[in-house]
Amino acid sequence: MECSGPIQVMWDPKLIGYDFGRDHPLAPIRVDLTMRLAREFGVLDAPNVRVAAAAPADERTLLLLHQAEFLAAVRRAGEDPSQVDLYRGLGTGDVPTFAGMYDASALVVGQSVAAAEVVWSGEVSHAVNIAGGLHHAMAHTASGFCVFNDVALGIARLLELGATRVAYVDVDVHHGDGTQALFWDDPRVLTISLHESGRYLFPGTGFPDEIGGPGAEGRAVNVALPPATDDARWLRAFDAVVPPLLRAFSPEVLVTQHGCDSHVNDPLAHLALTVDGQRTSYRRLHELAHEVAGGRWLATGGGGYDLVGVVPRAWTHLLAEACGVPIDPETATAPGWQAHVKSLGGTPPARMTDGSAAAFVPWDGGDPDDPLDSTVLATRAAVFPRHGLTA
C-alpha cells in the first residue's frame, strides 16, 4: 500500500545498548541488521520518510504506567548490576541486569512516545519504532526480556494528549500480557493479541475468557492459537477477529506490535508462519489503519530470535510497508547486507521471501471441531456481543 503522507522512522544507534549480554536471545544485532537491510534497499530514502531520534523518556513519562519503586530499582540495577531485585524481575535469566539498564530502557520508550506524539499531532501519518514493542513489562516488574513497556507508554501518552479510543493489535507469538494488564480497566483502549496458546508458551496467559476489567469488558481480546499454526490458518484467525473488532471500535489511532517470533524457524516458540505470512499481516494492518483510524498508525517491533534469517527481512518488510515502498518478496536480499552478514560469520538468506503464497480461506463461520476455528469461536463468543457484533 502506497503512502504519500510523511512517515517517521525512529532510530538512534544507541538503541543497540539495550543489551542483556552475550548468549541472551534478545540480541541487539537483530535491530542493527534490520536497519542496515532497510537502508540498502533505500526504504529510508523515500522522499516522504524522515529518520528521527528522540531523547530518553523522562521520569514523568515513565510514571504514567510504572511505579516509582520499580523505576528506582531499575536505576540501581543500571548503576550496579550486582544489585539484583528478583521481586521486581531484575536479575533473572530473562532480564539480567546490565550497566546502563535504566538509560537504555528509557531510550527505547522515548522513541515510542515521540512516535505517538507526532502521529497524534498529525505531523506524520505513520511512525515506526522497530526497537520497541517490549510488551511484557508490568507496572511494577520487568518480565520476558522487557524492562519498561514502551508500547504501552506510547498509548498512555496518546491518552494524555486527548485520545479517547486507541486500538492495540499484537501479533507477537507471546501473549501481550503487560500491555493488556496496564489497560485492563480502561475502556478507552482495545487490546487484541494473537499468540501461541499459553498452555504451551510463556507467559501462560492470554485465553479467550480474559476480556477486561469492570467497565472495560470486551476491551481485552485474546486469540490463543494452537502450536504449528501456519500462514493460512493464522491469517484466517486474524480475518475472523481483527477487522470486525477494529471497525466496531473505530479507534482514533491504531498501535501495533510486530514480534516476528511466530516464524516457523524461531527457536523459542512453535507457530509456523513464514516471512510472507508476516508481511501479509503488515499489509493488512496498514490497510486497516487507513480504513478505521484515518491512517494514524504507530508500529513497533517486538520478539524475534532468528537473528539473521528472519528478523531483518520481516522488519524491513514492515518498514517498507509503513513507508509506502513495499518490497517485492521475490527480490534478492541486498548484496552489501549479505556481505556484512558473512563478515560476521552468518549465512544470509538469499531472497526476501520464504516462498509461501500466504493465501488463506476467509472466515466463514468456522468449524467447532477444528482446533484453530474452535479457539477463534471462543474468542468471538467472549467479546463480540460486547461490541454489538454477532459471534
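## Exercises on a predicted model

Helix H5, residues 150-161, has 12 residues and spans 16 Å from its first C-alpha to its last, close to the 16 Å expected at 1.5 Å a residue. Here the expected span is 1.5 Å times one less than the number of residues, and helices (H or I, at least four residues) and strands (E, at least two) are DSSP runs numbered from the N terminus. The model is predicted, with local features needing pLDDT of at least 70 and side-chain atom pairs counting only at pLDDT 80 or more, while totals for chains, interfaces and linings use all residues. Residues are numbered from 1 along each chain as its sequence is written, and side-chain values use heavy atoms, with hydrogens and water left out.

**Exercise 1. Determine how many residues of H5 are buried, and carry the same inspection over to H4.**

Start with the cut-offs: buried means under 20% relative accessible area, exposed over 50%, and partly exposed in between, with a 1.4 Å probe and protein chains only. By this criterion H5 is mostly covered, with 10 of its 12 residues buried; among them are Asp150, Arg157 and Leu159. Just after H5, Gly162 takes a positive phi of about 125°.

Turn next to H4, which has 21 residues and reaches 31 Å from its first C-alpha to its last, close to the 30 Å expected at 1.5 Å a residue. H4 is mostly covered as well, since 17 of its 21 residues are buried, and just after H4 a positive phi of about 85° is taken by Gly122.

**Exercise 2. Describe the geometry of the aromatic pair formed by Tyr18 and Phe98, and then that of Trp234 and Phe238.**

The rings of Phe, Tyr and Trp (its six-membered ring) pair if their centres lie within 6.5 Å, and planes under 30 degrees apart count as stacked, over 60 as edge-to-face and the rest as tilted. The structure holds seven aromatic pairs. One of them joins Tyr18 and Phe98, which are 6.4 Å apart centre to centre with 85° between the planes, an edge-to-face arrangement. This pair links distant parts of the chain, 80 residues apart: Tyr18 is in the loop between strand S1 (7-10) and helix H1 (29-40), and Phe98 is in the loop between helix H3 (68-79) and helix H4 (101-121). Both Tyr18 and Phe98 are buried.

For Trp234 and Phe238, the ring centres are 5.7 Å apart and the planes lie at 20°, so the pair is stacked. These two residues are four residues apart in helix H7 and therefore separated by about one helical turn. Trp234 is buried because its relative accessible area is 1%, and Phe238 counts as buried at 3%.

As a last step, ring pairs link Tyr18, Phe20 and Phe98 into a cluster.

**Exercise 3. Find what lines the largest cavity and the second largest cavity, and classify the lining residues.**

On a 1 Å grid over the protein atoms alone, a cavity is a set of points where a 1.4 Å probe fits but cannot get out, a pocket is an open set with protein on both sides within 12 Å along at least five of seven lines, and lining residues have an atom within 4 Å of a point. Grid points are joined across faces, edges and corners, and a volume is the space filled by probe spheres set on the points.

A search of the whole structure finds three cavities of 30 Å³ or more. The largest holds about 100 Å³ of space, and its lining includes Tyr18, Arg30 and Val108. To classify the lining, count Ala, Val, Leu, Ile, Met, Phe, Trp, Tyr, Cys and Pro as nonpolar, Asp, Glu, Lys and Arg as charged, and the others, Gly among them, as polar; the result is 10 nonpolar, no polar and one charged.

The second largest cavity, at about 40 Å³, has Trp234, His258 and Leu273 among its lining residues. Its lining divides into five nonpolar, five polar and no charged residues, and the largest share, three residues, comes from helix H8 (residues 275-292).

**Exercise 4. Locate Thr229 and list what it contacts beyond its neighbours within four places in sequence.**

Thr229 is in the loop between strand S6 (220-225) and helix H7 (231-249), and it counts as buried because its relative accessibility is 1%. With contact taken as heavy atoms within 4.5 Å, and neighbours within four places in sequence left aside, Thr229 is in contact with Trp234, Leu271, Ala272, Leu273 and Leu372.
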